[in-house]
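Trainee: Could you take me through one part of this model up close? I'd like to hear how a helix is checked and what sits around it.

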Amino acid sequence: MYLKRLSLTDFRAFSRLDLDVPREIFLLVGENAQGKTSLLEAIYLLSTFTSLLTSTDRQLLNFSLPETGLQVGRVVGEFSRRDGMHRIEVRLIQEPNGSNGRTRFRKEVLLDGTRRKMSTAVGSLNAVIFLPQMARIIEDGPNERRRYLDMLISQVSPPYVQHLLDYGQTLTQRNALLKQLWERNGDVNQLDVWDGMLARHGAFIMRERIRAIREIEIEAKRIHFDLTLGSEVLRLDYQPAFEPLSSPADQMALPVTVVPDRSALSEAEIEAGYLDALKKLQREEIARGVTTIGPHRDEMRFLSNQIDLGNFGSRGQGRTALLSMKMAEVNWLHERTGDWPILLLDETLSELDTQRRADLLKTLSQCDQAILTSTDLSMFEPEFLKQHKVWRVAGGQVSQVGV
Ligand SMILES: Nc1ncnc2c1ncn2[C@@H]1O[C@H](COP(=O)(O)OP(=O)(O)OP(=O)(O)O)[C@@H](O)[C@H]1O
Ligand SMILES: [Mg+2]
């Protein structure tokens, strides 16, 4: 898969950019604050419709636009996939909301010219992105890891997105009812309808997470073992807030080296178990006014040689583990979709030692397209520069340069 053309309008610092994107591995160089990361972010936005760099999407819209009235930013990509050419567009819309001068913000997605629900258009274009800030995924709290996992699975499973949305809405309703039951009593059977929905959506989400984590772990483990010259065994430890294995007590008693295998569990089994657990916890959850189990509280830890990298890993170890994950994502997306994803690497190659760089380049060469950014061309071997095109980003424009 590759991007043929990228057009930006009022996306971050780019007022207007139209770019024919080469179908190859190429470098984007430029001084600081010229828009290299923003360009990768724009391409990634076409894949998942969210950014990993912002807390609110409003930040994606050019901030020099007036803060009042209708303002529309656009990211448009024409891309080639196994089934032909497509066009995907994300609109970032600020619009008046009421008469008091306030505005609200929303996004719209168009696939091949037609408005689509985000949950049905997600993953039309597949991309894997590596940003230096991503160390957060290992170091920060479980929210970061759930978000990462959700964005990854969304790319191969649009129904997953829908179930996530439905689960989130059900959870809000159920929590509101739990509080109400505690404050004003009432019929606890009112919970049944929400429990049923929560279990149905939750089971789908858990089943997909079990599958994805297992498949990616196989790839990531192999890659990580090579990257660390056989010295580290990487493990992705899924820790669901509701344990769907029937005898968790037995599982707990197992030594940590034994990995619980949930792969044989069907969606129906998970759903039944989850529903049952919700019922058992009913009194406690009413007292606490909050749903305590389910995918919204899941966790996934990164372990190397049984050591938790989030708590005890060095920075370098964390970075290598993430690199293994990214390369695993490339292979996994290819396996699940039949297309190689577009690879976006921000300031990555220059930080790596020769061995890791060689391994990464091997993965890069499988992709139809990979974009690497750097501030400094001297970081790259002359041989590499001879083989790959270099584009310069400066003042909101991009142009090819001879080296
Ligand atoms: N919403 C926005 N509107 C306008 N400008 C923005 C917006 N968001 C970020 N910028 C600006 O865009 C510029 C480019 O940022 P970007 O992070 O893409 O640069 P970069 O080339 O990756 O720099 P570095 O080498 O430091 O990583 C920055 O000066 C930033 O302040
Ligand atoms: Mg940058």
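Mentor: Sure, and keep in mind that this is a predicted model. Start with a definition: the expected span of a helix is 1.5 Å times one less than its number of residues. Now try that on helix H4, residues 142–154: with 13 residues it should span 18 Å, and because its end C-alpha atoms are 18 Å apart, the two agree.

Next, look at which parts of H4 are tucked in. The buried residues of H4 are Arg145, Leu149, Leu152, Ile153 and Ser154. What covers them? Among the elements doing that are helix H1 (36–48), helix H3 (135–139), helix H5 (158–184) and helix H6 (191–227). Strand E10 (299–304) and helix H11 (315–337) are also included in that cover.

Two of those covering helices, H5 and H6, also meet each other. Their axes come within 9 Å and cross at roughly 145°, and the crossing is left-handed. On the H5 side the contact includes Tyr160, His163 and Leu164, and on the H6 side it includes Leu191, Trp194 and Met197. Sort the residues of that contact by type and you get 11 nonpolar, 5 polar and 3 charged.

H1, another part of the cover, leads us to a sheet. H1 lies across strand E3 (25–29), E8, E12, strand E13 (370–374) and strand E14 (389–394), running at about 150° to E12. The sheet is open, with 6 strands in the order E8-E12-E13-E3-E14-E15 and mixed pairing. Its edge strands are E8 (127–130) and E15 (397–401), each pairing on one side only. E8 pairs with E12 (residues 342–346) in the parallel sense, over 4 bridges.

Notes: Residues are numbered from 1 along each chain as its sequence is written. Chains are lettered from A and ligands numbered from 1 in the order in which they are written. This is a predicted model: local features need pLDDT of at least 70, side-chain atom pairs count only at pLDDT 80 or more; totals for chains, interfaces and linings use all residues. Helices (H or I, at least four residues) and strands (E, at least two) are DSSP runs, numbered from the N terminus. A residue is buried if 20 or more other C-beta atoms lie within 10 Å of its own, exposed if 12 or fewer, and partly exposed in between; C-beta atoms are placed from the backbone. Two residues are in contact if their C-beta atoms, placed from the backbone, lie within 7 Å. Two strands pair if DSSP finds at least two bridges between them. Axes are lines fitted to C-alpha atoms, for helices over the stretch in contact, and angles run from 0 to 180 degrees between N-to-C directions. A crossing is left-handed if the near helix is turned anticlockwise from the far one by less than a right angle, and right-handed if clockwise. Ala, Val, Leu, Ile, Met, Phe, Trp, Tyr, Cys and Pro count as nonpolar, Asp, Glu, Lys and Arg as charged, and the others, Gly among them, as polar.
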